[in-house]
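Open the model in a viewer and keep the selection panel at hand. The stops below are meant to be taken in order.

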Amino acid sequence: MAGVGSNIRTFRKKRNMTQDELAQRLFVSRQTVSNYETGKSNPDIDMLVRIAGELEADVNELIFGPAQKPGRKKELHRLAVQSTFFLMLLLAASWLRPVIDQWTTDTFDIGPLALYLTLTPPLLSLAVGWIAVQAACVLTGARRIRTGWARAAFLAAALVTAAYFLSLLPLCVVRGYGTVRMLLLHFEKGSLPRLFSDPVYAAVARISSPAYVLVTFRRYETCALFAAAGGALWYGRRAGAEVTAPPRSAPENAEAPDSVPPSSTPR
């Protein structure tokens, strides 16, 4: 575990702390800290947690090394690509709405309109939140917090998003199949059998009605919720990526311990 010692030394120096100062905070001798840093002895888990607290570091960083942060140029490039993709989606959604309205007027088929109203606003809001938080962190150079809060926010956002779209899955299947049937009949390209009876349509309506009510009658609140979820997904994903970064190789030559005054006697 020589790499752990090297990482302890790196974070200690980053905090402008000597081995004696760290030893006093940990209630151990300076020689013990020196042994940790040179790899002569290894701290146990409890000691690692205490060292991480004193050095204001993450335990994973002490074990694997500081997380590798991608270059600013690379982050800006990724932000530009994702922003361009979002603008393309926004333009496609704007173009698609009048086409769907015209289809509904001509065929009295509300399937495409129902899918559009229930899927498009949440998806676009997720993208807005994702890109907004990413842009804020990249452009300001904000340090992402690698704590349980970020993970909890990520899990909550993932659960809310999954629950919403899973509740719409039956609606997508039933309405999508019905729209394909209508398209074939409209363009006289054949026909498909009717697979779903009226009770099936009623059951699907009951399953998907909460999501439909949310996005129809609480549109702004729903969009704000999914925008927050998108930001939490990006934030939590990046925090998790930093914590699970691949370990860095430890330097071959460990630094010699700080000089010890002749009168000091290690415990």
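The tour starts with the whole chain, moves to the N-terminal helices and ends with helices later in the sequence.

**Stop 1: the whole chain**

Show everything as a cartoon, and bear in mind that this is a predicted model. The protein has 11 helices and 0 strands, so a colouring by secondary structure follows the order α-α-α-α-α-α-α-α-α-α-α from the N terminus on. Of the 267 residues in the protein, 37% are buried. Contacts with a separation of 6 or more can be split by sequence distance: 76% of them are between residues 24 or more positions apart.

**Stop 2: α2 against α4**

Select residues 19-26, which form helix α2, and residues 45-54, which form helix α4. How do the two axes cross? They come within 10 Å of each other, at roughly 120°. Angles over 145 degrees would count as roughly antiparallel and 65 to 115 as roughly perpendicular, and α2 and α4 are therefore oblique to each other. Their crossing is right-handed.

Now show side chains at this contact. On α2, select Leu-22, Arg-25 and Leu-26; on α4, select Met-47, Arg-50, Ile-51 and Glu-54. By class, the residues of this contact are 4 nonpolar, no polar and 3 charged.

**Stop 3: Leu-22**

Keep Leu-22 of helix α2 selected. Is this residue buried or exposed? Leu-22 has a relative accessible area of 1%, under the 20% limit, and therefore counts as buried. Add its partners next: leaving out residues up to four places away in sequence, Leu-22 touches Ile-8, Arg-12, Met-17, Val-33, Glu-54 and Leu-55. For a distance label, pick the C-alpha atoms of Leu-22 and Arg-12, which are 7.7 Å apart in space and 10 residues apart in sequence.

**Stop 4: Ile-51 and the largest nonpolar core**

Move across the helix contact to Ile-51, which is on the α4 side. With residues up to four places away in sequence not counted, Ile-51 touches Ile-8, Leu-26, Tyr-36, Pro-43 and Leu-62. Ile-8 is also one of the residues that Leu-22 touches.

Leu-22 and Ile-51 both belong to the largest nonpolar core, which has 17 residues. Together with Ile-8, Leu-55 and Leu-62, they are the residues with the most contacts inside this core. Which helices supply it? At least two residues each come from α1 (2-14), α2, α3 (30-38) and α4. The most are given by α4, with 4 residues.

Apart from this core lies another, of 15 residues. To locate this other core, select some of its members, including Leu-115, Leu-126, Ala-157 and Ala-229.

**Stop 5: two loop residues with positive phi**

Return to the N-terminal part and select Asn-16, in the loop between α1 and α2. Asn-16 is not a glycine, yet its phi is positive, at about 55°. Its relative accessibility is 69%, so Asn-16 counts as exposed.

Then select Phe-27, in the loop between α2 and α3. What is the phi of Phe-27? It is near 60°, again a positive value in a residue other than glycine. Phe-27 counts as exposed because its relative accessibility is 66%.

**Stop 6: α6 against α7**

Select residues 72-107 for helix α6 and residues 111-140 for helix α7. Their axes are 10 Å apart and the helices pack at an angle of about 160°. The cut-off for roughly antiparallel is over 145 degrees, and α6 and α7 therefore fall in that class. This crossing is left-handed. Colour the contact by residue class: 21 of its residues are nonpolar, 6 polar and 5 charged.

**Stop 7: α9**

Finish on helix α9, residues 169-186. Two leucines of this helix can be labelled, namely Leu-169 and Leu-183.

Leu-169 has a relative accessible area of 48% and is partly exposed. From its C-alpha to that of Ser-208 is 8.3 Å in space, with their positions 39 residues apart in sequence.

Leu-183 is also partly exposed, with a relative accessible area of 35%. Its C-alpha is 9.4 Å from that of Thr-107, and the two are 76 residues apart in sequence.

Methods:
Residues numbered from 1 in each chain as written. Predicted model: local features only at pLDDT ≥ 70, side-chain atom pairs only at ≥ 80, totals over all residues. Heavy atoms only, no water. Axes fitted to C-alpha atoms, helices over the stretch in contact; angles between N-to-C directions. Parallel < 35°, antiparallel > 145°, perpendicular 65-115°, else oblique. Left-handed = near helix turned anticlockwise from the far one by under 90°. Contact = heavy atoms within 4.5 Å. Nonpolar A, V, L, I, M, F, W, Y, C, P; charged D, E, K, R; others polar. Core = buried A, V, L, I, M, F, W, Y, C linked by side-chain atoms within 4.5 Å. Buried < 20%, exposed > 50% of the residue type's maximum accessible area, 1.4 Å probe, protein only.
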